[in-house]
Every structure is written in structure tokens, then in C-alpha cells.
Amino acid sequence: MGFHVIQNDITSIYLNIRKETEDICKPLEIEDYVVQPCAEVSPPKWHLAHTTWFFEEFILAKYLDNYERYNKGYSYLFNSYYKSVGNHWLQGQRGHLSRPTVNEIYEYRKYVDFYMCEVLTNMDPVSEIEFLLEVGLNHEQQHQELLLMDIKYIFAMNPCNPAYYQYWPLKVFRSRNQWKNVEGGIYQVGFNGQDFSYDNEKPNHERVILSYSVRQQLITNSEYLEFINDGGYEDFRLWPSDGHDWVKENKIKAPLYWSLNDGEWFEYTLGGLGLVDPNASVCHVSYYEAYAFSKWAGYRLPSEFECELGLDEGPHELWNWTSSHYSPYPGYESFLGSLEEYNEKFMCNQFVLRGGCFGTPSNHYRKTYRNFYRPHQRWMFSGIRIAKDK
């Protein structure tokens, strides 16, 4: 993002990003803000408050003289997982709270924004506050994508299949079925630059990469239907052991949000329920499903570094699963202080996704960006990309 600009520009960047979060919530009714259908999905009200708490906790409370918190209880309610700054409300119980109200949360946002603008007006552009501001704004942009994910899950749990936005999709993605060949060699991977990046993208380092090809187009619904119709979910030979257990225990038969009615497959989208589009990319699949499909198709999942080297610039339609476990790079150094908990504590039992998606703000994404989820999770905007050895 970079903030080596005049103070007025910094304030404008801050306010625009904050507004984009609220714009995502404009189609919602008050009742939509408080629902939490499962532990991993947070109510939209909580996202609005938590991103605000981040600025209050890490900037205003530390660097603005005589700052008074909007409500001292919010530190407990809207801290996500930062143990170093105090106890927090349980993630799975965020939907239990009818208060504070949605209106109070919007007032909280206005309050914090007012004092943040005061800080930004007087900020030294090379101070520690600049770094914390960049983290805070990138954190808010992460939650913009999370908001869309969670809103979709909330709406999809309603048997009446209400639409978040009836004119969705706003964009239609139709990439060409092309493969990119990359010759083997020693490559520099990881972030290397002066702009912002997360600690988990660094340091830039060398990797030995064998020759490979990666498909630029994600796997489509029609291709995935062939896997389903060929008994892919029943063939234990295609699945990791944990994945096969997950399929059996949860009676998984299709991607999340798919349903079979009168012999036809339907899919819930942010625009409501409709027939599965055969040409669209298959979405909301787990690592297990991505692994099984790639094996069934005679290919494999790419590593995260094969994606970094082999994909075009800019966010793609969907994140794609990789074969890479989420772990630190050689020489990794976490953010300092309380922000040490931002990424490092999650580097266990998760897989990396690469490529960005339609919900990722374009100025938030980098080719080195590492998303990560547990192998069974699939409510995020996840798809399948395949690779092969040359």
C-alpha cells in the first residue's frame, strides 16, 4: 500500500477503506448483522466492531494522549485472539450478544475514525504509527473478504434462500484453458520490496523448483460434475485418510452450497439460488476435495511457490488450494510486540491458498500473499487449480 504521501492522502486512504467495509454491509437488514450459524462464521456486526477495535487498541490507546476508550467493555468483546492485550469473548459465542446494538457499533466506528483522523493529521510519516496503520488497513481489507464469506454462509443457512444482492455476480470470469510452463531452476520467492507485506511472506529466499506446468484456468463446475458422477466421493483411493473419514462422517457429496433437486444441481450464490453454471469455476471446496479431484483427473495440486511463479499478476476469481503446509520461511521473523500473534500462532495444521479472489481488494493483493485454512474448511472462496510435472 505504502504511505509515503502527504497527510491528507493518508487520511483519505484510511477513510475510503473504512467506507468500503460499510458498503459491503449496505444490502443487509438489521437482523442480518447478528446471526452466527457456526463457530467459524462471525456476525457482520462483530467484523465492523473488531476492525475498529484494532485501531483503538494498537494506535489510539497507545499514541493519543488522554484518549478515552469508547467503551471499556469492547476490549473484551471485540478482541479476536490477541492474548497479549487481554482476555476475549469466545469466537463461537459472538452471535450470542444482542448488545451492543448495530447502531452503537456504527457510532463506535465514527468515534474511532474521528480520533484516528486527528492522529493521522499529526503523524510523523516514518513513525511506528505508520507501520501500525498499514497493518490496520490491510487487516480491515482482509475482513472485507471475510465479511462476504460470512454473509454468504449466513444467508445460505436460510431455507428460503434470500439473496444478499439480487444482481450478483457483479463480474463474470471466463479465463482461457491455458497452461504455463516453468523451467526448473533456483528461484527467488517471497516478498522483496519496500511496500507493505505480512511477516509470513518474508524473507525473500531461494527455492529449487523442478520443471512444471500449471493451468491458468481454475477447474470448472462441469469438470467437477464429471468427478462427482464418476463416484469420486465414494472412491477411497483418491482421498487422504483424514479426508475420506471427513467425507464419510459428514456425508459430503458435493461442494458447499450445492443441492440436488429433481436430478439437477443447484448452487446458492450471493445472488440467491440457481442452477449450477457449468462454465463457472467450482467454488467452496475443501483441500480434501481439491486433492481428490486432482488425483482423479491425473494431475496434482501445485505448491504455493509454483503458484507464485506461474500465475498472472492480480487477484484471480478464486483462491486455489496448494499442496504446501502453512509454515514459516527460513529466517522468518514475526511482527514485533502484540502483533506477533497476527500470523505465527496459526502456522500449524493448515494449508496455503494462493491467487486471491473476487472478494480480495485489488490493492491489497500481492503474488506473495499467503492465505491459509484447515483442510476441511470450505466456506471461503476456494477453488481448484491443477499442475503437472514436465
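Helices, of type H or I with at least four residues, and strands, of type E with at least two, are DSSP runs numbered from the N terminus. The model described here is predicted.

**Annotated domain**

The UniProt record, in an unreviewed entry, lists residues 181–311 as "domain: Sulfatase-modifying factor enzyme-like". Helix makes up 27% of this span and strand 23%. The C-alpha atoms at the two ends of residues 181–311 are 10 Å apart.

Asn-192 sits in the loop that joins β2 (185–189) to β3 (205–209). Its relative accessible area is 65%, and the cut-off for exposed is over 50%, so Asn-192 is classed as exposed. Between Asn-192 and Asn-204 there are twelve places in sequence, while their C-alpha atoms lie 5.6 Å apart in space.

**Helix α4**

Helix α4 runs over residues 102–121, 20 residues in total. From first C-alpha to last it reaches 29 Å, close to the 28 Å expected at 1.5 Å a residue. The buried residues of α4 include the aromatic pair Tyr-106 and Tyr-108. Val-102, Ile-105, Val-112, Met-116, Cys-117, Val-119 and Leu-120 are buried in α4 too, as are Arg-109 and Asp-113.

**Ser-338**

Ser-338 belongs to the loop between β8 (319–325) and β9 (351–354). Its relative accessibility is 15%, and buried means under 20%, so Ser-338 counts as buried. Apart from neighbours within four places in sequence, Ser-338 has contacts with Phe-58, Lys-62, Tyr-82, Ser-84 and Val-85.

**Cavities**

Rolling a probe the size of a water molecule over the atoms reveals where empty space remains. In this model there are two cavities of 30 Å³ or more.

| Cavity | Volume | Lining by class |
|---|---|---|
| Largest | about 60 Å³ | seven nonpolar, no polar, three charged residues |
| Second largest | about 30 Å³ | one polar, three nonpolar, four charged residues |

The lining of the largest cavity is formed by Pro-43, Lys-45, Trp-46, Leu-77, Phe-78, Trp-89, Arg-94, Leu-97, Arg-99 and Pro-100. Its charged members number three, and no polar residue is present.

Around the second largest cavity are Cys-307, Glu-308, Leu-311, Asp-312, Arg-354, Gly-355, Tyr-365 and Lys-367. Four residues of this lining are charged. Leu-311, one of the residues that line the second largest cavity, is also the last residue of the span 181–311 listed by UniProt. Arg-354, another residue of that lining, closes strand β9 (351–354).

Terms used: Residues numbered from 1 in each chain as written. Predicted model: local features only at pLDDT ≥ 70, side-chain atom pairs only at ≥ 80, totals over all residues. Heavy atoms only, no water. 1 Å grid on protein atoms, 1.4 Å probe; cavity = no way out; pocket = protein on both sides within 12 Å on 5 of 7 lines; lining within 4 Å. Points joined across faces, edges and corners; volume = space filled by probe spheres on them. Nonpolar A, V, L, I, M, F, W, Y, C, P; charged D, E, K, R; others polar. UniProt positions renumbered as here; feature names shortened; annotations may be inferred. Buried < 20%, exposed > 50% of the residue type's maximum accessible area, 1.4 Å probe, protein only. Contact = heavy atoms within 4.5 Å. Expected span 1.5 Å × (residues − 1).
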